[in-house]
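Biologist: Could you take me through this fold? I should like to begin with the overall layout and then turn to particular residues.

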Amino acid sequence: MTPTFSIIIPHKEIPDLLMRCLKSIPVSKDIQVIVVDDNSQDADTYLERYPELSRPYLEFIRTTKGGGAGYARNIGLERAKGKWLLFADADDYFADGMYSLIYAHADSEADVIFFRRKIIPSNSNICVGERGAYIDRAIDTYLQTGDEQPIRTKFDVPYAKMVRRELVVKKNIRFDEVKYSNDCYFSACVGCFARYIKVVDVVIYMKTIGDGQLTKDFAHKEGELQIRADVSLRVDKCLLQQGMCRHKSIKSWLLRML
């Protein structure tokens, strides 16, 4: 039986958090779960140590390339069979009742269905602040005015949305296999090429923010600025080719990064 949903989860070196993520997804023949391990050091022991990886309707794929989250997600796309694609990071998890939320929209004619997500700090010392507020504003704009452009162009993460797999296959949309911003171009293409979108004003996804994700560490790693700038330029080009406004001003964005 072909599943209705395929959930793709890239993973590297955080198996305990991965188990939390998996436990937030109900076991159902309607949900194909694909975990792609990106060359974790002890991944060959996971099936023995973590029974959750042997549950029905779950595929655990181990890669030895170490190609990053974009590479792992692309591996997952090749194995996905569901009508709808969903994505999760291994250190995040779905909100309670996620299955009833996604199942209620399984017959939608939309190509992309956007949901709310909630940002959760991993400890009390982390200040969430305005992190990700542009996504909330894009949703608010759509709900208040019906303007689709902000949510099509600024919802630049793959989670908290349902994407019709037929769209991804037809347009051959893939994740960039780079170390940073590997999901931005995929998200931009999905937003550009979707014929019809839908927004559901409900939280479906819990995004955790840890110490390694703090803004003060942003673009301080070797090569990060160049990679992120290259991705941003590709996103701008995609949007402009489709007659949409720029995702962000590349000049001001680079100045802020520097």
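Modeller: The discussion below goes from the chain as a whole to the sheet, the helices and some single residues.

Biologist: What sort of model is it, and how many helices and strands are there in the chain?

Modeller: It is a predicted model. The chain contains ten helices and eight strands. Of its 258 residues, 53% count as buried.

Biologist: What share of the contacts with a separation of 6 or more comes from residues 24 or more positions apart?

Modeller: Such pairs account for 78% of those contacts.

Biologist: Now the sheet. What is the strand order, and is the sheet open or closed?

Modeller: It is an open sheet of eight strands with mixed pairing, and the order is β3-β2-β1-β4-β7-β6-β8-β5.

Biologist: Which strands stand at the edges?

Modeller: Those are β3 (58–63) and β5 (93–94). Each has a single partner strand, so one side of each is left without a neighbour in the sheet.

Biologist: And β7, what does it pair with?

Modeller: Strand β7 (residues 161–164) is joined to strand β4 (residues 84–87) by two bridges, and the two run antiparallel. With strand β6 (residues 112–121), β7 pairs over three bridges, also in the antiparallel sense. Val163 of β7 stands opposite Leu85 and opposite Val112.

Biologist: Are the faces of β7 covered or open?

Modeller: Both faces are covered. Lys161 and Val163 lie on one side, Met162 and Arg164 lie on the other, and all four are buried. As a general point, side chains in a regular strand alternate between the two faces of the sheet.

Biologist: Is the pairing of β6 with β8 parallel or antiparallel?

Modeller: β6 and strand β8 (residues 197–209) pair in the parallel sense, over ten bridges. One of the partnerships sets Pro121 against Ile209 in β8.

Biologist: Which helices lie across these strands?

Modeller: Among them is helix α3 (residues 69–79), which lies across β1 (5–11), β2 (31–38), β3 and β4 and runs at about 145 degrees to β2. Another is helix α5 (residues 133–145), which lies across β6 and β8 at about 140 degrees to β6.

Biologist: Changing topic: how do α8 and α9 pack?

Modeller: Helix α8 (residues 184–193) and helix α9 (residues 224–241) pack at an angle of about 10 degrees, with their axes 9 Å apart. That makes α8 roughly parallel to α9, because angles under 35 degrees count as roughly parallel.

Biologist: Which residues make that contact?

Modeller: From α8 they are Cys184, Tyr185, Ala188, Cys189 and Cys192, and from α9 they are Val231, Arg234, Val235, Cys238 and Leu239. Nine of these residues are nonpolar, none is polar and one is charged.

Biologist: Is α8 mostly covered or mostly exposed?

Modeller: α8 is mostly covered, with eight of its ten residues buried. The buried residues include Phe186, Ser187, Val190 and Gly191.

Biologist: How does α8 figure in the largest nonpolar core?

Modeller: That core has 72 residues, and Ile9, Leu22 and Leu53 have the most contacts inside it. The largest share, six residues, comes from α8.

Biologist: What does Leu53 touch?

Modeller: Setting aside residues up to four places away in sequence, Leu53 touches Leu18, Met19, Leu22, Tyr46, Leu47, Leu58 and Phe60.

Biologist: Back to Cys184. Is it buried or exposed?

Modeller: Cys184, in helix α8, counts as buried at 15% relative accessibility, because the limit for buried is under 20%. Neighbours within four places in sequence aside, Cys184 is in contact with Asp156, Val231 and Val235. Cys184 and Phe155 are 29 residues apart in sequence and 8.8 Å apart in space, C-alpha to C-alpha.

Biologist: Last topic: which residues other than glycine have a positive phi?

Modeller: Among them are Glu13, with a phi of about 65 degrees, and Ala160, with a phi near 60 degrees. In general, most residues other than glycine have a negative phi.

Biologist: Where are the two placed, and are they buried or exposed?

Modeller: Glu13 is in the loop between β1 and α1 (15–23) and is partly exposed, with a relative accessible area of 38%. Ala160 is in the loop between α6 (149–154) and β7 and is buried, with a relative accessible area of 3%.

How values were computed. Residues numbered from 1 in each chain as written. Predicted model: local features only at pLDDT ≥ 70, side-chain atom pairs only at ≥ 80, totals over all residues. Heavy atoms only, no water. Axes fitted to C-alpha atoms, helices over the stretch in contact; angles between N-to-C directions. Parallel < 35°, antiparallel > 145°, perpendicular 65-115°, else oblique. Contact = heavy atoms within 4.5 Å. Nonpolar A, V, L, I, M, F, W, Y, C, P; charged D, E, K, R; others polar. Core = buried A, V, L, I, M, F, W, Y, C linked by side-chain atoms within 4.5 Å. Buried < 20%, exposed > 50% of the residue type's maximum accessible area, 1.4 Å probe, protein only. Pairing = 2+ DSSP bridges.
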